[in-house]
Amino acid sequence: MASYLEILDDDQGHELSLFCVPKHYEEDLDSVIIPNGLIKDRTERLARDIVRDMGGHHIVALCVLKGGYKFFADLMDYIKALNQNSDKSVPLTVDFIRLKSYSNDQSTNCVKVIGGDELSALSGKVSFVFIDIVETGRTMETLLALLNECNPKMVKVASLLVKRTPRSSGYRPDYIGFEVPDKFLVGYALDYNEYFRDLSHICILSDRAKEKYRV
Amino acid sequence: MTHSLVGSGRKEQGVVIEEGWPGYDLELFNYPEHYRGDIDSVLIPHGVIMNRIECLARDILEEIGHHTLMVLCVLKGGYKFCADLVDSIKAQSHSTNSKLTTRVEFIRLKSYLNDHSTEDLHIIGPEDLSMLKGKNVLIVEAIVDTGKTMKALLQHVEMFQPKAVKVAGLLVKRVPNGPGTLPDYVGFVIPNRFVVGYALDYNEYFRDLNHICVISETGKLKYKV
């Protein structure tokens, strides 16, 4: 069972004025729910757990863009530091994919993988997927099914966030940073219509901003 | 949700850590192996300390970050807070093209035995603090509980006729005989528990721990003098 840092449903977060937030977002956010520093500290621990568990195996790291890029970059930095400084290390190669998920009229879940090298190259290798957030879990389940078709040796998943929601399929990643409430979260690469990716803390979006940045 | 009131200053002094909150599970974080069993939980992760410091630095820069800033660091517990705070002040001042010079002086205070605050207060450090005259002074302390240290320091510093004196305290403890006034810049308001880490020690141990943590009973016995 993956351990995780639980952010409770009734957690109001921290006052914006107590943290450094870009001026252009000051009116759009309700509070800071996970400060950037806490994300980094938790990520540092995940890196240690991953290196400990994977010790030796060559892994193909698959970063799911765009939301996953910051988590991926920071996690890689910590893994590299561990690789350089300890007895155990994990040889890594890296690839980037984008997922376009859409449900058609029959409401079946379709996920298309865009970019990245040929998935067939994963055959016989350990592949590690890095993603920003798991909500219903259906996107991940579909991706995993696709990856498994390529006969990898093993597939592991690390997600920075897992949402507590009744809509969840029950799927849990192998490594989890935080378990969060079913609220509208932005920041640290989590976007709202492409906005807020340049915010380093994870914050709760205000209702006003939902309208403001609506497409 | 409340909105900040224009012109009324900060509503909340610091990040408040509630009385009953046990802290985060240690196993969710990275920490030195040699302290396994000696810590109960993580009260404030290192990253959150750094984020809060960035914000304090921003406020300090805005209010007293002009010309020369004399920083008075209270050793030993204050050294990390001071180093990180001054780094952040300098980094932010560089990016705003301000012409700020920061200078750091160090003073030592002896007032703790094991985990109790004792009566005596010795100020050890440069006898001559005349370089403070006419300047903005920022006293940097790791932790404020009774406020005795803060008061003694302020009195000591005033003798050298600085232009203005402000106090930055990373942690303010909620204690029964607490200080009448809070420091000007407060990082976190915490419960009245003995904390270690981020340069705060227990008989010289735990200074090499990044996060601010609650020491366990095992730890207290193990490192008791």
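**Figure 1. Arg164(A) and its salt bridge with Glu179(A) in the predicted model.** Arg164(A) is partly exposed, with a relative accessible area of 21%, in a model that is predicted. Its partner in a salt bridge is Glu179(A), and the closest N and O atoms of the two residues are 2.5 Å apart. The pair links distant parts of the chain, for Arg164(A) belongs to the loop between β7 (154-163) and β8 (175-180) of chain A, whereas Glu179(A) lies in strand β8 of chain A, 15 residues apart. Glu179(A) itself is buried, with a relative accessible area of 6%.

**Figure 2. Surroundings of Val162(A) in strand β7 of chain A.** Val162(A) is classed as buried because its relative accessible area is 3%, and buried means under 20%. Once neighbours within four places in sequence are left aside, the residues in contact with Val162(A) are Val134(A), Arg172(A), Pro173(A), Ile176(A), Phe178(A), Glu179(A) and Val180(A). Asp95(A), by comparison, is 67 residues from Val162(A) in sequence and 23 Å from it in space, C-alpha to C-alpha.

**Figure 3. Arg42(A) in helix α1 of chain A, with contacts in chains A and B.** Arg42(A) is buried, and its relative accessible area is 0%. Not counting residues up to four places away in sequence, Arg42(A) touches Ser3(A), Tyr4(A), Leu5(A), Ile176(A), Gly177(A) and Phe178(A), together with Leu28(B) and Phe29(B). Between the C-alpha atoms of Arg42(A) and Ser127(A), which are 85 residues apart along the chain, the separation is 22 Å.

**Figure 4. Packing of helix α1 against helix α2 in chain A.** Two packed helices are described by the angle between their axes and by the distance between those axes. Here helix α1 (residues 36-54) of chain A and helix α2 (residues 69-85) of chain A pack at an angle of about 55°, and their axes are 9 Å apart. Because of this angle, α1(A) is oblique to α2(A). The crossing in which α1(A) passes α2(A) is right-handed. On the side of α1(A), the contact is made by Lys40(A), Thr43(A), Glu44(A), Leu46(A), Ala47(A), Arg48(A), Ile50(A) and Val51(A), and on the side of α2(A) by Phe71(A), Asp74(A), Leu75(A), Tyr78(A), Ile79(A), Leu82(A) and Asn83(A). Sorted by character, the residues of this contact comprise nine nonpolar, two polar and four charged.

**Figure 5. Salt bridge between Arg52(A) and Asp49(A) in helix α1 of chain A.** Side chains of opposite charge can pair when their charged atoms come close. In the salt bridge that Arg52(A) forms with Asp49(A), the closest N and O atoms are 3.5 Å apart. Because they are three residues apart in helix α1 of chain A, Arg52(A) and Asp49(A) are separated by about one helical turn. Arg52(A) counts as partly exposed, at 43% relative accessibility, whereas Asp49(A) is buried, with a relative accessible area of 7%.

**Figure 6. Glu33(B), Arg36(B) and a network of salt bridges.** Glu33(B) forms a salt bridge with Arg36(B), in which the closest N and O atoms are 2.9 Å apart. Glu33(B) is partly exposed at 47% relative accessibility, and Arg36(B) is also partly exposed, with a relative accessible area of 42%. Through salt bridges that share partners, Arg45(A), Asp49(A), Arg52(A) and Asp53(A) are joined with Glu27(B), Glu33(B) and Arg36(B) into one network. Over all chains, the count comes to 27 salt bridges.

Notes. Residues numbered from 1 in each chain as written. Chains lettered and ligands numbered in written order. Predicted model: local features only at pLDDT ≥ 70, side-chain atom pairs only at ≥ 80, totals over all residues. Heavy atoms only, no water. Axes fitted to C-alpha atoms, helices over the stretch in contact; angles between N-to-C directions. Helix = DSSP H or I, 4+ residues; strand = E, 2+ residues; numbered from the N terminus. Parallel < 35°, antiparallel > 145°, perpendicular 65-115°, else oblique. Left-handed = near helix turned anticlockwise from the far one by under 90°. Contact = heavy atoms within 4.5 Å. Nonpolar A, V, L, I, M, F, W, Y, C, P; charged D, E, K, R; others polar. Buried < 20%, exposed > 50% of the residue type's maximum accessible area, 1.4 Å probe, protein only. Salt bridge = Lys/Arg side-chain N within 4 Å of Asp/Glu carboxyl O.
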